[in-house]
Amino acid sequence: MRIVGDLQYAEDALQEACAQAAREWGDAGVPLNPQGWLVTVARRRAIDRFRSLSAASRRERSLWDRALSWDTEPDDAPIPDDRLRLIFTCCHPALAREVQVALTLHVVGGLTTAEIASAFMVSDSTMGQRITRGKRKIREAHIAYRVPDDEDLPTRLESVLATIYLIFTTGYLAPTGSSPVRVDLLDEALRLADVLAELLPDCAEVLGLAALMHLTDARRATRLDMGGLPIDLEHQDRTLWNSDEISLGLTLLSRARNCDEPGPYQLQAAIAAVHARASDAEHTDWAMIATLYDGLYALTPSPVVALNRAVAIGLSRGPLVGLALIDEPELEASLRRHHRYHVVRGHLLELSGDARGARRAWDQALELPMSAHERTALLEHRAALGLDEVR
Amino acid sequence: MRYMLIIRNGEDHPRPGDERWDQLMADYGAFSAQLASYGTPFSGDPLAPPDTATTVRVKNGETLVTDGPFAETKEWFSGYYILDVESLDQALMAAGMVPSAQWGSVEVRPVMDM
């Protein structure tokens, strides 16, 4: 990247190198370090093309001269740096999140515009424009292709991690579509997280995010029912959870812990780990989860985290303790327009033996927008408890 | 690479005569000194408030002069810097050091080389 300083040229050069690779590997077998070899070839190609540019277009590309002059490292510079530079450039905070996501999948993940468009359910032309706009801004605003200094690293890394996690959650929530060019965003996001964990093996939150994603992804087979609708954690068949992926997640998490720099992704991963370790929903260590949510709330005091914390406290220290937190005016004010607040409140009321209160909470939830699936589930739950007769 | 920092003041920005004004001026002095200490070539000026603005348009060869525009938005263009730095990151860092950014915004735009 550094050596050409222009995303489009770098990509073209890489594609040419891949084409050449396909030709040569057929004859001579795969080189020992295929990636290093590819980048070396791509670099030579880019320089060739740069040399072949006419004088006029060279003047237009005066930026390149500066980009070229930055390159002080020898040709055999370590490859991981290039990928890291690419990731940080695509996720630069000067780019909108949707642009970061599109560029990361396209440039780092190698997905086509059509594949990304289909994954995010937008038209090819919309996605094409988004990618073009991102590349143009990188070029024209002169976003540097480099790994940020130690001083800027934490904030810049936040942006990278948020982008990768957004790709993951989009994939996790996406309906299993029937589009012919469907790409599994879960796989793409996991691959990106693994690459990042390999490139930054001592960054606690990088390991934390990879751990969180693997521990969550371990439930992939059970996250949707036959009709493609989400299944609650509580009702998932845990025997179908992927134990290899759980071990991988736990290993990543313990490596993160050794860094001794707790962060939100590590805490969320630790919460996922508690669920992963429980043989069934009944045996969940809610006290541990409540402690972890205390930590998460201290770092990221959002209403949603507050609600989850209240639930965990309610399930470990008694429903009334949880309800007291849920009923705090500040939390009520920020979440009362969200059905989940009332659903959760209803469940804690039910646990406390207040069937009437639970019914009232669920009535409030049913007045708010929620998916048809959730509505049906809530109505069924209410009917199963015989609360329809309670007045 | 040159960038323009376009400074917009928000409603609660200090005004001349405010007790915060002298401090603001001192902060701008310190900001200029810091840019100079980095060896960054720069220029810049503050602008008089928007009620001093006059707009000129040319329609069908005729020059029209109108009073205004009077700022309808809550932030008004109050000054600019042009910096010559290596990359956007440095321009963004400088933008974050502009004292008025606390009560408004600083837009960072690359200057096109023509």
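This is a guided tour of a predicted model with chains A and B, one selection at a time.

**Stop 1: colour chain A by confidence**

Start with chain A and colour it by pLDDT. The chain averages 81, and 75% of its residues score at least 70. Now look for the extremes: helix H11, residues 204-217 of chain A, has the highest mean at 97, while helix H4, residues 62-70 of chain A, has the lowest at 34.

Next, select residues 24-38 of chain A. Here pLDDT stays under 50, and the model has 14 contacts beyond four places in sequence for this stretch. Then select residues 43-78 of chain A, where pLDDT is also below 50 and the model shows 46 contacts beyond near neighbours in sequence. Where pLDDT is low, the predicted coordinates should not be read in detail. Fade both stretches if you like, and carry on.

**Stop 2: chain A as a whole**

Switch to cartoon view. What is chain A built from, in helices and strands? You'll find 20 helices and 0 strands. Of its 391 residues, 46% count as buried. Among contacts between chain A residues at least 6 apart in sequence, 62% join residues at least 24 apart.

**Stop 3: a crossing of two helices**

Select residues 97-108 of chain A (helix H6) and residues 124-140 of chain A (helix H8). Their axes lie 9 Å apart and the helices pack at an angle of about 90°, which makes H6(A) roughly perpendicular to H8(A).

Show side chains to see who touches whom. From H6(A), bring up A:Glu98, A:Val99, A:Ala102, A:Leu103 and A:His106. They meet A:Met127, A:Arg130, A:Ile131, A:Arg133, A:Gly134, A:Lys135 and A:Ile138 of H8(A). Colour this contact by residue class and you get 6 nonpolar, 2 polar and 4 charged residues.

**Stop 4: just past H8(A)**

Follow the chain out of H8(A) into the loop that leads to helix H9 (153-173) of chain A, and select A:His142 there. Its phi is near 60°, a positive value in a residue that isn't glycine. Is A:His142 buried or exposed? With a relative accessible area of 6%, A:His142 counts as buried, because the cut-off for that is under 20%.

**Stop 5: over to chain B**

Hide chain A and centre on chain B. This chain has 2 helices and 6 strands, and walking along the sequence gives the pattern β-α-β-β-β-β-α-β. Its C-alpha atoms fill a box of roughly 50 × 45 × 20 Å along the principal axes. Of the 114 residues, 29% count as buried. For contacts in chain B with a separation of 6 or more, 75% come from residues 24 or more positions apart.

**Stop 6: the sheet in chain B**

Turn the view until you face the sheet. It is an open one of 4 strands, in the order E2-E5-E1-E6 (chain B), with antiparallel pairing. Strands E2 (42-46) and E6 of chain B sit at the edges with a single partner strand each, so one side of each has no neighbour in the sheet. From one strand to the next, the twist averages 15°.

Add helix H1 of chain B, residues 19-38. This helix packs on the sheet and touches E1, E2 and E5 of chain B, with a direction about 20° from that of E5(B).

Now select E1, residues 2-9 of chain B, and check both of its partners:

- With E5 (residues 76-84 of chain B), E1(B) pairs in the antiparallel sense over 8 bridges.
- With E6 (residues 104-110 of chain B), E1(B) is joined by 7 bridges, again antiparallel.

B:Ile6 is a handy marker: B:Tyr80 in E5(B) stands opposite it, and so does B:Glu107 in E6(B). Further along E1(B), find B:Arg8, which stands opposite B:Phe77 in E5(B).

**Stop 7: two loops in chain B**

Select B:Asn60, in the loop between strand E3 (54-59) and E4 of chain B. Although B:Asn60 is not a glycine, its phi is positive, about 50°. At 84% relative accessibility, B:Asn60 counts as exposed.

For the last pick, go to B:Pro69, in the loop between strand E4 (62-67) and E5 of chain B. Which way does the peptide bond from B:Gly68 to B:Pro69 go, cis or trans? This bond is cis, with omega near 10°.

Technical notes:
Residues are numbered from 1 along each chain as its sequence is written. Chains are lettered from A and ligands numbered from 1 in the order in which they are written. This is a predicted model: local features need pLDDT of at least 70, side-chain atom pairs count only at pLDDT 80 or more; totals for chains, interfaces and linings use all residues. Side-chain values use heavy atoms; hydrogens and water are left out. Two strands pair if DSSP finds at least two bridges between them. Axes are lines fitted to C-alpha atoms, for helices over the stretch in contact, and angles run from 0 to 180 degrees between N-to-C directions. Angles under 35 degrees count as roughly parallel, over 145 as roughly antiparallel, 65 to 115 as roughly perpendicular and the rest as oblique. Contact means heavy atoms within 4.5 Å. Ala, Val, Leu, Ile, Met, Phe, Trp, Tyr, Cys and Pro count as nonpolar, Asp, Glu, Lys and Arg as charged, and the others, Gly among them, as polar. pLDDT is the predictor's confidence in each residue, from 0 to 100. Buried means under 20% relative accessible area, exposed over 50%, partly exposed in between (1.4 Å probe, protein chains only).
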